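Work through the exercises below with the sequence and the structure at hand. Each task is followed by a solution in steps.

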Amino acid sequence: MRIHGIHLRGLSAPAGDHPLALDPGYTVVRLSDAKAARGFIELIEALLYPSSDDVAARDARGRAVLSLALRSDAYVIAADFARQRISLGRQDARDGGYQALSSDPREIEDYALAVGLPSPEDFRRLQLCGLGAQGDDLLPMRRPAPVPAPAPPAPAPAAPVNDRAAERARLLADHEQQVLALAHERARREAALEQALAAARSGRVRSEERIHELRQLEAELAQLEREHKATLVELEKNAALGDVVEDFDARIAHFRALMASRDGERVAIDETRAEVLAERTRLRAAPRRQLVPIALGLVLGVAGAVAGAVGYPLAYAFAGLGLLALLIALGLARAARSQLARSEALLAALRVRERGSERRFETEGSQIRGLLVSLGLDSVDALGAAAGRYGELLERAEVEKRRLAELMLRHPAGAREELVALERERGRSEAVAAVRAARDALLALPAEIAMPVLPPSEDRMGTRPMLPDDRMGTRPMLPDDRMGTPPMLPEDSEEGEETPRDPLPAPVPAEPPRRPVEPTLWIEAAARVVGRSEGDVRARFAPAVSVYLRALSGGTFTSVRRGEDGAWVLRGAARDEQPFSALPDREQALVCLVFQLALLEALASERRVPLLVGPDLPIRGDAEARALGRALKRLSAVVQVVQATAGDAPFAEHAAKCLAL
């Protein structure tokens, strides 16, 4: 069991809204004074046991909500003080909401007992400390009402001594018979309660096993449905891969070949284009280089012709050379233009080849390129990874479908109604009703048979009335009877008649003696809670008790043992051996606290219930408070500890969480 938190809203004290989340280990809650701290711890106890403590009447307004975990389920106990109502709810594993279980305090308490909470008496003995004296009168609301003593009968006229003795003997015999009959009846009803508890426990185990099995199946089915839904959503996102997933490898290989072919052709075309462009650039510059030969040919031709005409015949040779140079330059220019035309044609062919390669790549690789665009991927490797993931999702979806079909066979539609019915009948079964009836019958018995009012009797000398305390015939000594002489009788009246004695007061039935608070009470409670023998419990908590005893006593005591007479004896360095009964009250309370902490640590593996600590602790000074804080921190490793303090205290130095209220 673990208390997740408590939410207080609108109470008379403390006022306001206070949501308190408690740590799984050690939590200290600081309040204004000791009364508020005690009230806080008592409120948590009352919420856990609403039938034993009228929790709805603790305040006139506001609400208190206790959230806790019992076994594997989360529960809330909500008390509405304004409406005088209390309810129990359990968290639903499907939607996270809370399902109302009961609003009857007795059913709520029976439900808590059925899922592992100890009885109120054992809880108050083991899981509560720091709330003042904790004797056998643990829960006054659980004690049977005392039987009022019968009114004393009117004084009867004096009877003979023999008649009074006979009446006295008869009353004593009747009283003994009534006491014996009460003891037999109590034993019979206790046996009936034990049988009812055994039957309820057996039925509860079977019911709890079935409930646990159905809850596990329901939780597994809900988890599998959520996972299958998420898988289907992922498949829907990548639905475009469904058409190519079967022959995806072949398509990817073809697409890669297309990409390689396109890239190769693109490289070759780029290289050829670069060469052709360089040649074209060279050819375009050729006409400008031919201008000089052309101009030179023209000049020589014209000059030679003019010179030949004026009478220099050799000048005609220069005219022929100039004409030849002109013709050669014109031929070279024409050849350059022809080569330039061929370069342009080659560039056009390269462009046609490039467009054909791109068109073929787009046509044959359109499906893969469309997948890349639709899925938002930028590479074929990413597409391959997405296809692999899609194949895994398909396989997972098939596996989840098969598991869902198997779980639906194991958990049909009627299983949910069966679980609801089992939870509804958990606290209302015939076995629980039988336990409740047997417990009520046992509590209805009176605590004891009141002693009857005995008639006065005289001693053997016939001179002194026997006191009501003289039930067994022994004569108590009166103030004037120190030497055994009969008491003085009143003086005779004038008529010589004996003055009548005053009637004796009616006896007051004595209360049963209170059992002294001793460590054995904690061991008995622990043995009842875990269902083991007291010897087994003592053997299991022996290693831890020495640690806590040495820590809380400051080294005064180091160990404890059971004496031959059954009494507890403490050993220490300063005191060789000292019986527990001889210790002062504060040290006795400290030893009892040590036993309580050691028992909780030793039995945590079987019953883990939080420890509630109030402000009334047997410690003095900050040093002892810090020692107790360290001890509670050690215990919080296996048992949740919630401590309420009055103001600032050194305990908070060792707490995992400190809250102020």
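The exercises go from the whole chain to single elements and residues of this predicted model.

**Exercise 1. Overview**

Find how many helices and strands the protein has, and what share of its residues is buried.

Solution.
- Step 1. The secondary structure consists of 16 helices and 14 strands.
- Step 2. The protein has 661 residues, and 37% of them are buried.
- Step 3. Take the contacts between residues at least 6 apart in sequence: 68% of these join residues at least 24 apart.

**Exercise 2. The open sheet**

Determine the order of the six strands in the open sheet, and find which strands stand at the edges.

Solution.
- Step 1. The order is S2-S1-S4-S5-S6-S7, with antiparallel pairing.
- Step 2. Strand S2 (17-21) and strand S7 (98-102) each have a single partner strand, so they stand at the edges and one side of each has no neighbour in the sheet.
- Step 3. From one strand to the next, the twist averages 20 degrees.
- Step 4. Within the sheet, S4 (residues 63-70) and S5 (residues 73-80) run antiparallel and are joined by eight bridges. Leu66 has Ile77 of S5 opposite.

**Exercise 3. Helices on the sheet**

Find which strands helix H1 lies across, and which strands helix H2 touches.

Solution.
- Step 1. H1 covers residues 34-48 and lies across S1 (2-9), S2, S4, S5 and S6 (85-91). The direction of H1 is at about 110 degrees to S1.
- Step 2. H2, residues 105-114, packs on the sheet and touches S5, S6 and S7. The directions of H2 and S6 make an angle of about 35 degrees.

**Exercise 4. Helix H14 and its surroundings**

Locate the kink in helix H14, then describe how H13 packs against H14.

Solution.
- Step 1. H14 spans residues 534-552 and has a kink of about 50 degrees at Ala542, shortly before Pro543.
- Step 2. The buried residues of H14 include Val537, Phe541, Tyr548 and Leu552. Among the elements that cover the buried residues of H14 are helix H13 (519-530), strand S9 (559-562) and helix H16 (621-635).
- Step 3. Two packed helices are described by the angle between their axes and the distance between the axes. For H13 and H14, the angle is about 105 degrees and the axes are 9 Å apart. Angles of 65 to 115 degrees count as roughly perpendicular, so H13 is roughly perpendicular to H14.
- Step 4. H13 contributes Ile523, Glu524, Ala526, Ala527 and Val530 to the contact, and H14 contributes Glu534, Val537, Arg538 and Phe541. Six of the contact residues are nonpolar, three are charged and none is polar.
- Step 5. After H14 comes Gly554, which has a positive phi near 65 degrees.

**Exercise 5. Two loop residues**

For Gln84, find the sign of phi; for Ala450, find which loop holds the residue.

Solution.
- Step 1. Most residues other than glycine have a negative phi. Gln84 is not a glycine, yet its phi is positive, about 60 degrees.
- Step 2. Gln84 lies in the loop between S5 and S6. Its relative accessibility is 45%, so Gln84 counts as partly exposed.
- Step 3. Ala450 belongs to the loop between helix H12 (430-443) and H13. With 24% relative accessibility, Ala450 counts as partly exposed.
- Step 4. Ala450 and Gln178 are 272 residues apart along the chain, while their C-alpha atoms are separated by 9.7 Å.

How values were computed:
Residues are numbered from 1 along each chain as its sequence is written. This is a predicted model: local features need pLDDT of at least 70, side-chain atom pairs count only at pLDDT 80 or more; totals for chains, interfaces and linings use all residues. Side-chain values use heavy atoms; hydrogens and water are left out. Two strands pair if DSSP finds at least two bridges between them. Helices (H or I, at least four residues) and strands (E, at least two) are DSSP runs, numbered from the N terminus. Axes are lines fitted to C-alpha atoms, for helices over the stretch in contact, and angles run from 0 to 180 degrees between N-to-C directions. Contact means heavy atoms within 4.5 Å. The bend at a residue is the angle between axes fitted to the seven residues ending there and the seven starting there. Buried means under 20% relative accessible area, exposed over 50%, partly exposed in between (1.4 Å probe, protein chains only). Angles under 35 degrees count as roughly parallel, over 145 as roughly antiparallel, 65 to 115 as roughly perpendicular and the rest as oblique. Ala, Val, Leu, Ile, Met, Phe, Trp, Tyr, Cys and Pro count as nonpolar, Asp, Glu, Lys and Arg as charged, and the others, Gly among them, as polar.
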